[in-house]
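Reader: I would like to go through this model with a few short questions. Please give the reasoning before each result.

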Amino acid sequence: MYMQQLAECDPGDIAISGSGLYFATSSNNIHSTADLRPETSNSTWIAEMSFTGEGVSRVVATAICLDNPPLR
């Protein structure tokens with residue numbers, strides 16, 4: 001199985017960093033985790049996990065955003 005969550009910055013802001021939190025019950029086996037900024041957007045951060053099992057699992061993504069206010 002595969003899970004993914006997306007964290008988004010405010011419009012116009014830039015995701016400069018981020019992280020993922022990965023939770024799984026003991027009946028699941030986590031095979032891989034990754035947190036990254038996608039190549040298609042500089043204002044989002046993705047956390048993803050690959051696992052096997054039927055227990056409860058959760059992925060939480062967090063983005064650290066550069067506040068880039070519009071020029072007036």
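Reader: How many disulfides does the structure hold?

Author: This is a predicted model. A pair of cysteine sulfur atoms counts as a disulfide within 2.5 Å. Cys9 and Cys65 have their sulfur atoms 2.1 Å apart and form such a link. The number of disulfides in the structure is one.

Reader: Which handedness does the link of Cys9 and Cys65 have?

Author: Cys9 sits in the loop between strand S1 (2-8) and strand S2 (14-24), and Cys65 in strand S5 (residues 57-66). The pair links distant parts of the chain, 56 residues apart. The angle about the S-S bond is -85°, and the link is left-handed.

Reader: Is Cys9 buried or exposed?

Author: Buried means under 20% relative accessible area. Cys65, the other half of the disulfide, has 32% and is partly exposed. Cys9 has 10% relative accessibility, so this residue counts as buried.

Reader: Which strands are the edge strands of the open sheet of three strands?

Author: The sheet has the order S1-S4-S3, and its pairing is antiparallel. An edge strand here pairs on one side only. That applies to S1 and strand S3 (29-36).

Reader: By what angle are neighbouring strands of this sheet turned against each other on average?

Author: The strands follow the order S1-S4-S3. For the average over neighbouring strands, direction is ignored. The value is 10°.

Reader: Which residue is the bridge partner of Leu6 in S4?

Author: S1 and S4 pair in the antiparallel sense, over seven bridges. Trp45 also lies in strand S4 (residues 44-52), and its C-alpha is 5.8 Å from that of Leu6, with their positions 39 residues apart in sequence. The bridge partner of Leu6 in S4, however, is Ile46.

Reader: Is Trp45 buried or exposed?

Author: The cut-off for a buried residue is under 20% relative accessible area. Trp45, in strand S4, has a relative accessible area of 11% and therefore is buried.

Reader: What accessible area do Ile16, Ile64 and Leu66 have together?

Author: These three residues form a nonpolar patch on the surface. One of them, Leu66, is found in strand S5, the strand that also holds Cys65. Leu66 counts as partly exposed because its relative accessibility is 42%. Together, the three have about 280 Å².

Key. Residues are numbered from 1 along each chain as its sequence is written. This is a predicted model: local features need pLDDT of at least 70, side-chain atom pairs count only at pLDDT 80 or more; totals for chains, interfaces and linings use all residues. Side-chain values use heavy atoms; hydrogens and water are left out. Helices (H or I, at least four residues) and strands (E, at least two) are DSSP runs, numbered from the N terminus. Buried means under 20% relative accessible area, exposed over 50%, partly exposed in between (1.4 Å probe, protein chains only). Two strands pair if DSSP finds at least two bridges between them. Axes are lines fitted to C-alpha atoms, for helices over the stretch in contact, and angles run from 0 to 180 degrees between N-to-C directions. Patches are made of residues with over 30% relative accessible area and no salt bridge: like charges are joined within 9 Å, nonpolar side chains (Val, Leu, Ile, Met, Phe, Trp, Tyr) within 5 Å. Accessible areas come from the Shrake-Rupley method with a 1.4 Å probe; for residues, only the protein chains shown count as cover. A salt bridge is a side-chain nitrogen of Lys or Arg within 4 Å of a carboxyl oxygen of Asp or Glu.
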